[in-house]
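Open the model in your viewer and keep a selection panel at hand. The stops below go from the contact between chains to single elements and back out to confidence.

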Amino acid sequence: MKAVCWFGKTDVRVENVPDPKILNPHDAIVRVTLTAICGSDLHLYDGYIPTMTKGDILGHEFMGEVVEVGAAVTNLKAGDRVIVPFPICCGRCWFCKNDQWSLCDNTNPNAWMVEAMYGFGGAALYGYSHLYGGYAGGQAEYVRVPFADVNPVKIPDGLPDEKVLFLTDIFPTGYFAADNCDIKPGDVVAVWGCGPVGLFAMKSAWMLGAARVIAIDRVPERLRLAREACNAETVDFEEVDDVYDVLKEMTGGRGPDACIDAVGMEAHGHTPDALYDRVKQVMRIEFDRAHALRQALHCCRKGGTVSIPGVYGGFIDKIPFGAAFGKGLTLKMGQAHVQKYVRSLLARIERDEIDPSFLITHRMRLDDAPEMYRTFRDKEDECIKVVMRP
Amino acid sequence: MQTTETLSTASQNVNDRERWVSVVLGSAVAAYGLTRRSIAGTVIAGLGGALVWRGASGHCAVYDALGITSIPESDGDRSNVSVPYGRGVRVEQTVTIGLPPEEIYAFFRNFENLPRFMSHLQSVKVLDDKRSHWVTKGPAGSDAEWDAEIINEIPNELIGWRSVEGSQIDNAGSVHFKPNPGGRGTDVKVILRYDPPGGLLGAVTAKIFGEDPGHQVKEDLRALKMLLETGEIATTEGQPNGVPSRARLRERLAELVR
């Protein structure tokens with residue numbers, strides 16, 4: 001079959017590889033009908049996630065048709081249309097049972113690696129380094145889906161792929177970020193980053209009762225989408241002197257009640273701390289650039305919440321922890337517990353409350369992946385979201 | 001010369017078998033290091049040289065620092081312990097499994113289940129209520145086997161066993177089951193003591209080859225948890241990849257020694 005494989009920094013190729021097989025009794029094989037490149041795939045593309053090895057198959061946003069199931073899978077059969085959440089979860093451990101799916105105990109064969117880095121490890125992810133289990137991803141014609149009895153969600157026939165594909169990651173991730181803000185009536189929610197997760201966080205903030213949503217970015221077409229599709233007030237951080245002053249002014253001097261960092265480890269900025277991060281990251285002294293996170297911590301109102309769906313992998317410094325402490329902030333973060341939200345969000349799509357396909361800018365073939373990774377990374381051609389058909 | 005004084009028999013703390021292993025392994029490591037022609041190679045060659053010296057002299061600075069010796073004190077006092085105090089390797093690891101103690105105990109008590117999650121065990125055959133025959137894949141691929149007997153047992157709480165006299169690997173172990181409050185299942189603790197082939201150096205060798213016993217027991221317990229909680233052990237063994245497996249293996253080996 002054809003698959004998008006990682007070969008090194010900014011080197012992805014479409015290769016012919018063997019078809020996946022059932023390896024465990026709860027596995028299924030899915031024929032992929034639509035897959036996407038995620039913003040977090042760009043961290044792999046840029047070589048910021050350790051433990052990738054040559055030939056690893058990428059992709060954690062994919063859906064398709066079940067073609068084969070393992071002996072222990074009774075709720076799915078060949079021909080079922082499914083979306084597959086990006087965290088691989090067992091559904092039986094203490095964490096899964098407590099709805100903290102992305103912290104699953106039982107799916108990462110390389111959990112010892114994560115334990116060495118983080119103390120404890122969570123769920124494995126598709127196509128996201130050996131640290132996260134080394135599972136082959138879904139930017140391919142076929143993919144092996146472990147614990148197919150609990151993870152995939154069946155999709156009714158009437159719904160087209162493009163409307164439901166983002167249930168695999170970015171829609172639940174944005175919703176999780178907004179849910180973590182514990183939004184109360186009258187709350188102002190500020191979102192750093194108008195990429196796909198940020199845009200879904202804005203939509204979700206409205207669903208959860210926000211009074212106002214403010215979006216911060218610098219890319220014109222992304223700010224436009226935030227304004228037009230997500231009803232957000234926008235701030236172009238390259239056009240203003242200080243984001244803090246602007247947000248303070250917009251909120252009557254209080255600051256936003258909740259701040260969402262939907263940017264993560266490769267933040268851009270033009271302040272001294274952003275330059276400092278850039279230099280250290282290039283020299284591999286610091287893994288992550290945390291400009292957006294620092295700004296969110298600084299701008300958030302007293303007693304507010306900073307929610308972090310943006311991915312961080314290693315160490316960051318110059319975090320204004322005094323500000324977080326002094327203002328009694330609540331910090332919430334992590335990989336989204338997709339399985340917790342996915343069914344209720346599917347119901348919203350079925351009720352036509354949201355059409356997640358609004359942010360697709362590029363409809364391509366799997367063969368176009370190498371070019372599309374570059375285009376998406378460079379934000380060329382007004383690229384916001386790439387979907388690919390095998 | 002001062003150095004000859006440190007070579008007196010009193011300062012020797014490495015047994016004969018281990019001295020030979022040291023010399024042979026050290027020579028191989030040194031030869032490999034020299035062929036690398038790099039800074040890392042020089043360091044590796046140096047380490048090999050140190051191993052050769054350790055074997056030739058019978059003195060190990062590391063053992064000295066740790067206050068241990070692999071030379072048997074006497075052959076007489078082996079009557080009631082499989083692994084004499086101060087000898088061998090001790091490993092202790094704990095994992096929480098989301099099942100009641102009775103179920104985990106019942107699974108573990110049938111020793112024939114052990115190879116399902118202990119990666120270094122090839123087979124266990126239960127001989128009678130107390131005795132069983134164990135066959136392992138030993139360090140660096142060498143096989144070993146022994147008979148074990150259960151010496152202590154409290155149903156649903158603990159099982160203790162040890163190898164019988166004359167075993168290839170003298171070992172003793174116990175597993176303890178402690179229930180947790182709030183639906184958190186059972187703490188399963190394993191304590192193992194064993195005397196690996198080649199004495200303590202065998203364990204060091206095993207570590208070099210990635211078969212560190214502490215790590216292995218921890219991974220075995222993780223596999224036990226997966227097997228009991230989900231019915232399977234997570235794996236990616238046999239999945240597709242963009243690089244043919246032989247080429248990938250070569251590359252990983254190259255990365256390991258780099």
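How many residues does the contact take from chain B and from chain A? The model is a predicted one, and in it the contact takes 35 residues from chain A and 23 residues from chain B.

**Stop 1: the chain B side of the contact**

Select residues 213-230 and 245-257 of chain B. These are helix 7 and helix 8 of chain B, the elements that give two or more residues to the side touching chain A. Helix 7 of chain B supplies the largest share of that side, with seven residues. Colour the chain B side by residue class: nine residues are charged, 10 are polar and four are nonpolar. For the complex, the predictor gives a pTM of 0.83 and an ipTM of 0.92.

**Stop 2: chain A as a whole**

Hide chain B and show chain A as a cartoon. Chain A has 18 strands and 13 helices. Its C-alpha trace spans about 60 × 50 × 45 Å along the principal axes. The radius of gyration of chain A is 20 Å, which agrees with the value near 21 Å that a compact globule of 390 residues would have. Of the 390 residues in chain A, 53% count as buried. Taking contacts in chain A between residues at least 6 apart in sequence, 72% join residues at least 24 apart.

**Stop 3: the two domains of chain A**

Colour residues 2-168 and 336-389 of chain A as domain 1, and residues 171-333 as domain 2, following the domain assignment. The C-alpha centres of the two domains lie 25 Å apart. Where they touch, 22 residues of domain 1 are in contact with 21 residues of domain 2. Now select residues 338-350 of chain A, which form helix 12; with four residues, this helix gives the most to the domain 1 side of that contact. The domain 1 side divides into 14 nonpolar, four polar and four charged residues.

**Stop 4: helix 5 of chain A**

Select residues 170-179 of chain A. Is this helix enclosed or open? Helix 5 of chain A is largely enclosed by the rest of the structure, because 10 of its 10 residues are buried. Among the buried residues are A:Phe171, A:Tyr175 and A:Phe176. To see what covers them, add helix 6 (196-207), strand 14 (258-261), strand 15 (305-308) and helix 12 of chain A, which are included in the cover.

**Stop 5: A:Met63**

Centre on A:Met63, in strand 5 (residues 61-69) of chain A. A:Met63 counts as buried because it has 25 C-beta neighbours inside 10 Å. Leaving aside neighbours within four places in sequence, A:Met63 has contacts including A:Thr33, A:Leu34, A:Val82, A:Ile83 and A:Val84. A:Asp161, A:Val164, A:Leu165 and A:Thr168 are also in contact with A:Met63. For a distance across the chain, pick A:Gly334: A:Met63 and A:Gly334 are 23 Å apart, C-alpha to C-alpha, and 271 residues apart in sequence.

**Stop 6: confidence in chain B**

Bring chain B back and colour by pLDDT. The mean pLDDT of chain B is 78, with 72% of its residues at 70 or more. Which helix of chain B has the lowest confidence, and which the highest? Helix 1 (residues 2-6) is lowest, at a mean of 34, and helix 5 (residues 101-109) of chain B is highest, at 97. Select residues 1-10 of chain B: pLDDT stays under 50 there, and the model has four contacts beyond four places in sequence for this stretch. Residues 73-80 of chain B also have pLDDT below 50, with two contacts in the model beyond near neighbours in sequence.

Notes: Residues are numbered from 1 along each chain as its sequence is written. Chains are lettered from A and ligands numbered from 1 in the order in which they are written. This is a predicted model: local features need pLDDT of at least 70, side-chain atom pairs count only at pLDDT 80 or more; totals for chains, interfaces and linings use all residues. Domain bounds come from an automatic or database domain assignment. Two residues are in contact if their C-beta atoms, placed from the backbone, lie within 7 Å. Ala, Val, Leu, Ile, Met, Phe, Trp, Tyr, Cys and Pro count as nonpolar, Asp, Glu, Lys and Arg as charged, and the others, Gly among them, as polar. The radius of gyration is taken over C-alpha atoms; the globule rule is 2.2 Å times the number of residues to the power 0.38. A residue is buried if 20 or more other C-beta atoms lie within 10 Å of its own, exposed if 12 or fewer, and partly exposed in between; C-beta atoms are placed from the backbone. pLDDT is the predictor's confidence in each residue, from 0 to 100.
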